[in-house]
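Me: I would like a close look at the enclosed spaces in this model, with attention to what surrounds them. Please take one part and stay with it.

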Amino acid sequence: MQLNQAPQLDLTYCTNIHPANGWPAVLAGLQQHVLDLKQRLAPNQAFGIGLRLSGQESHELLDPSVLADFQAWLTEHNLYVFTLNGFPYHPFHQQPVKDQVHAPDWREPERVAYTLRLIEILAALLPNGMVGSISTSPLSYKPWFADLAAVPWELLNHHVLEVVAALVQLERQRGIVIQLAFEPEPDGLLETSSELIGYVEQLLDVGAVELATQLNCSLREAQNALRRHVGACLDTCHCAVAYEAPRQVIAAYQTAGISIAKVQLSSALQVLLGANRQAVAAALAPFSEAIYLHQVIQRNHDGSLLQYRDLPQALEKIDDPAACEWRIHFHVPIFTASFGLLNATQPALLESLQALNEQPYSQHLEIETYTWDVLPSQLKLDLTESIAREYAWVLHELKR
């Protein structure tokens with residue numbers, strides 16, 4: 001939905017919350033939930049969709065007749081698509097995902113081909129004059145490499161630049177602007193804002209030379225193209241898990257000249273580790289599940305940080321006397337500040353929204369609580385009701 005702010009803000013939710021495998025199932029999920037949400041939240045205005053498509057679904061939607069039918073459905077119901085989630089490639093529900101959420105990574109030609117298909121889809125669906133965004137993986141999964149010296153940066157650059165060149169040609173030939181937004185997350189090859197800034201800086205330094213050759217343009221024009229088409233996806237859950245302060249992250253991206261193409265509005269789990277650790281462990285047990293990665297970053301009394309790749313490994317160490325806090329990559333409903341012994345990192349999300357009230361650092365907002373299927377039952381409402389409640393909470397905070 002479009003918010004009455006200057007410049008315009010577009011708010012949506014990511015459809016990766018709906019279990020689906022194949023385009024017909026994706027469309028069925030939209031038909032079941034989006035129309036109801038539009039009627040509740042924006043009955044008399046256009047309602048935006050943050051679409052998530054798997055690799056298979058991107059092939060299916062590019063069938064001309066399927067795409068035309070979807071465009072007609074969007075028009076009929078006054079809906080529009082302005083952002084895509086291009087991070088998870090494989091089916092994303094009801095089967096183990098874990099570290100395979102990063103596969104294929106940016107070393108693989110299929111990651112390039114998938115992203116190019118998403119660009120083609122978004123270019124067809126994007127309303128005239130609107131800038132589009134596609135969030136993508138943080139290049140790869142860091143534990144897949146023995147050390148950073150083993151990372152094939154030249155190959156990664158080559159594949160990213162292939163996509164950037166396509167985005168430049170799209171704007172030159174059709175006047176459509178789409179940004180590729182890298183999404184740092186714990187244990188990703190790009191884990192933090194500083195790692196993303198470092199990567200973009202080397203793209204501007206080294207990659208721009210290759211891009212200039214591909215586009216037959218000057219080095220300065222290639223660098224401008226990179227700044228225009230490569231940005232950040234600020235996921236407020238990931239940011240909080242990494243103990244990054246949102247205002248500092250926003251300022252760092254702005255200082256580096258990196259646009260924040262999309263903000264994913266989300267909260268992580270947070271616990272303080274005191275004398276009641278076994279009770280905390282019991283409260284966390286239902287969140288230790290087999291589908292998604294739930295990276296844990298532990299803050300110690302001396303201020304140092306320690307990472308665990310998944311919640312089960314962390315739970316084995318809950319009695320570590322050095323530990324005083326855990327932040328856990330588990331997307332919990334954003335309207336929830338605490339539940340029993342557990343907290344959400346809602347303060348970090350609030351800080352992100354307050355900063356947005358003060359300066360329009362991004363135009364694309366996407367609520368993302370994809371873990372709804374694996375939430376403990378006491379945190380679940382009716383799904384449409386839960387999504388509507390997340391919208392209401394965001395709208396309330398943006399009006400403060």
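How many residues of the lining of the largest cavity are nonpolar, how many polar and how many charged?

Reply: The model is a predicted one, and in it the lining of the largest cavity divides into 8 nonpolar, 6 polar and 4 charged residues. That lining is made up of 18 residues, and those nearest the centre of the cavity are F92, V101, E185, H329 and Y370, around a space of about 160 Å³. The structure holds 5 cavities of 30 Å³ or more, and the second largest of them has about 90 Å³ of space. F92 is found again in the lining of this second largest cavity, together with T15, N16, H18, A20, V26, L30, R52, E57 and H93, and by class this lining comprises 4 nonpolar, 4 polar and 2 charged residues.

L30, which helps to line the second largest cavity, also belongs to the contact between two helices, where W23, L27, L30, Q31 and L35 of α1 meet V66, F70 and W73 of α3. Helix α1 spans residues 23–41 and helix α3 residues 64–76, and they pack at an angle of about 0° with their axes 13 Å apart, which means that α1 runs roughly parallel to α3. The contact of α1 with α3 has 7 nonpolar residues and 1 polar residue, with no charged residues.

Notes
Residues are numbered from 1 along each chain as its sequence is written. This is a predicted model: local features need pLDDT of at least 70, side-chain atom pairs count only at pLDDT 80 or more; totals for chains, interfaces and linings use all residues. Side-chain values use heavy atoms; hydrogens and water are left out. Axes are lines fitted to C-alpha atoms, for helices over the stretch in contact, and angles run from 0 to 180 degrees between N-to-C directions. Helices (H or I, at least four residues) and strands (E, at least two) are DSSP runs, numbered from the N terminus. Angles under 35 degrees count as roughly parallel, over 145 as roughly antiparallel, 65 to 115 as roughly perpendicular and the rest as oblique. Contact means heavy atoms within 4.5 Å. Ala, Val, Leu, Ile, Met, Phe, Trp, Tyr, Cys and Pro count as nonpolar, Asp, Glu, Lys and Arg as charged, and the others, Gly among them, as polar. On a 1 Å grid over the protein atoms alone, a cavity is a set of points where a 1.4 Å probe fits but cannot get out, and a pocket is an open set with protein on both sides within 12 Å along at least five of seven lines; lining residues have an atom within 4 Å of a point. Grid points are joined across faces, edges and corners, and a volume is the space filled by probe spheres set on the points.
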